[in-house]
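Welcome! Open the structure in your viewer, keep the selection tool handy, and follow along one stop at a time.

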Amino acid sequence: MKKRVFSGIQPTGSLHIGNYLGAIRQWVSSQSQYNNIFCIVDLHAITIPQDPKVLRAKNRETAALLYAAGIEPDLSTVFIQSHIGAHAELAWILNCYIPMGWMQRMTQFKEKSKKKKEEVNIGLFDYPALMAADILLYQSDLVPVGEDQRQHVELTRDVARRFNSVYGEVFKLPESTVNEVGARIMSLDDPTKKMSKSKTGKSHAINLLDSPDEIYLKIMRAKTDSLHSIRFDRNHPAIHNLLTIFELFSGLSRIDIEERFEGKGYAIFKKELAEVIIEFLKPLQLRYQEITNDPSYIDHLLAEGDAKLRPIAEKTLNHVKSAIGLG
Ligand code: TYM
């Protein structure tokens with residue numbers, strides 16, 4: 001039996017190269033080894049205000065981008081979280097087994113809740129419980145994510161362990177898998193901040209559907225620092241981040257990259273970096289156009305996903321409910 005991989009992505013903003021390098025790249029490359037489920041987490045998305053029309057369109061766009069990036073319908077199932085009611089139901093049940101203190105420690109909540117107080121809703125606070133429900137419903141073994149989600153997967157393990165210690169082996173304990181390189185791609189305009197879908201700064205992120213001109217401009221504008229030499233040096237986070245992006249898109253080793261740019265200036269490096277990204281994204285963007293030419297194709301795959309996964313989710317939920325005496 002192949003191990004089960006589960007991961008999720010929010011259908012908000014635009015998918016960017018951080019999402020690709022931190023998460024989607026892992027999903028694609030290990031697809032044939034595992035039994036894979038990828039969830040478009042629209043219930044998580046509504047923890048911040050969303051335009052209904054845009055949200056609906058983004059669900060499909062995100063699914064199309066995953067297939068364009070190399071997710072194969074024969075090897076992986078993609079579905080929309082809100083289509084399977086068991087996610088919200090299990091999240092509620094898990095709420096009753098998660099101490100407030102565990103949630104208060106979540107760094108992502110601490111960061112996101114720095115905004116205006118009235119915009120911070122209970123859903124945002126409870127976000128990790130829904131994420132735990134996503135993962136546990138499918139008895140997942142592995143959860144490939146970027147660095148920022150590792151703590152949420154730890155919380156998932158903790159709540160599963162707590163629940164199992166009372167009711168027996170109801171849930172499998174999942175493990176996160178995080179890439180050694182690229183698990184935290186930083187913003188182009190501020191290398192102390194993570195590249196993020198919710199930031200709108202002009203040169204903050206490179207989106208997977210950006211045109212060659214946009215990519216070129218954003219890279220040329222990207223912050224560098226005063227090192228004046230092109231080396232992988234963690235003390236110089238701006239150039240380190242750009243070099244990491246170059247490394248992952250070019251497939252070259254760090255030594256080869258440093259040799260290639262020895263004695264050269266930032267302008268030459270940035271021009272090559274932009275070219276490497278543009279070339280990498282070209283086939284992905286072409287596939288995206290092909291896939292979205294026929295909107296019924298995505299709808300059909302998503303409906304198949306629902307039908308395949310609903311019985312698995314319901315089986316776990318029924319097990320949970322009977323263990324705790326509900327129904
Ligand atoms: P989301 O939509 O923010 O991001 C999707 C995936 O991309 C990774 N990622 C990054 N990796 C490297 N560098 C970055 N700058 C960067 N930004 C994002 C994220 O770590 C993630 O793996 N809570 C999740 C979605 C979710 C989920 C789940 C994930 C809901 N349920 C169950 C796994 C399992 C989120 O908001 O991801």
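A polar contact, as the term is used here, is a pair of N or O atoms within 3.5 Å. Keep in mind along the way that this is a predicted model.

**Stop 1: the ligand and its polar contacts**

Select the ligand, then show the side chain of Tyr-127: one of its N or O atoms is 2.5 Å from an oxygen atom of the ligand. Next, pick Asp-134, where a polar side-chain atom lies 2.7 Å from a ligand nitrogen atom. For Met-195, turn on the backbone instead, since a backbone N or O atom of this residue is 2.9 Å from a nitrogen atom of the ligand.

How much of the ligand's accessible area does the protein cover? On its own the ligand has 710 Å² of accessible area, and the protein covers 97% of that.

**Stop 2: the shell around the ligand**

Now widen the selection to the 28 residues around the ligand. Those that come nearest are Tyr-127, Asp-134, Asp-148, Ile-185 and Lys-197. Try colouring this shell by class: you should find 12 nonpolar, 11 polar and five charged residues.

**Stop 3: the largest pocket**

Hide the ligand for a moment and look at the space it takes, which is the largest pocket. Three elements give two or more residues to the shell around the ligand: strand S1 (4-9), helix H1 (17-29) and helix H7 (122-137).

The volume of this largest pocket is about 1,300 Å³. Select its 47 lining residues, and look for Gln-108, Lys-112, Asp-148, Gln-149 and Lys-194, which lie nearest its centre. Asp-148 may look familiar, as it is also among the residues that come nearest to the ligand.

Which elements each supply at least two residues of this lining? They are S1, H1, H7 and helix H6 (107-112). By class, the lining of the largest pocket holds 15 nonpolar, 21 polar and 11 charged residues.

**Stop 4: the second largest pocket**

Finally, move to the second largest pocket, with a volume of about 270 Å³. It is lined by 14 residues, and Arg-184, Met-186, Arg-234, His-240 and Thr-244 are the closest to its centre. Highlight helix H10 (residues 237-250) too: this helix gives the largest share of the lining, four residues. Colouring the lining of the second largest pocket by class shows six nonpolar, four polar and four charged residues.

Conventions
Residues are numbered from 1 along each chain as its sequence is written. This is a predicted model: local features need pLDDT of at least 70, side-chain atom pairs count only at pLDDT 80 or more; totals for chains, interfaces and linings use all residues. Side-chain values use heavy atoms; hydrogens and water are left out. A residue is near a molecule or strand if one of its heavy atoms lies within 4 Å of it. A polar contact is a pair of N or O atoms within 3.5 Å; within protein, one must be able to donate a hydrogen and the other to accept it, and residues adjacent in sequence count only if both atoms are side-chain atoms. Accessible areas come from the Shrake-Rupley method with a 1.4 Å probe; for residues, only the protein chains shown count as cover. On a 1 Å grid over the protein atoms alone, a cavity is a set of points where a 1.4 Å probe fits but cannot get out, and a pocket is an open set with protein on both sides within 12 Å along at least five of seven lines; lining residues have an atom within 4 Å of a point. A molecule sits in a cavity or pocket if more than half of its atoms lie within 2 Å of its grid points. Ala, Val, Leu, Ile, Met, Phe, Trp, Tyr, Cys and Pro count as nonpolar, Asp, Glu, Lys and Arg as charged, and the others, Gly among them, as polar. Grid points are joined across faces, edges and corners, and a volume is the space filled by probe spheres set on the points.
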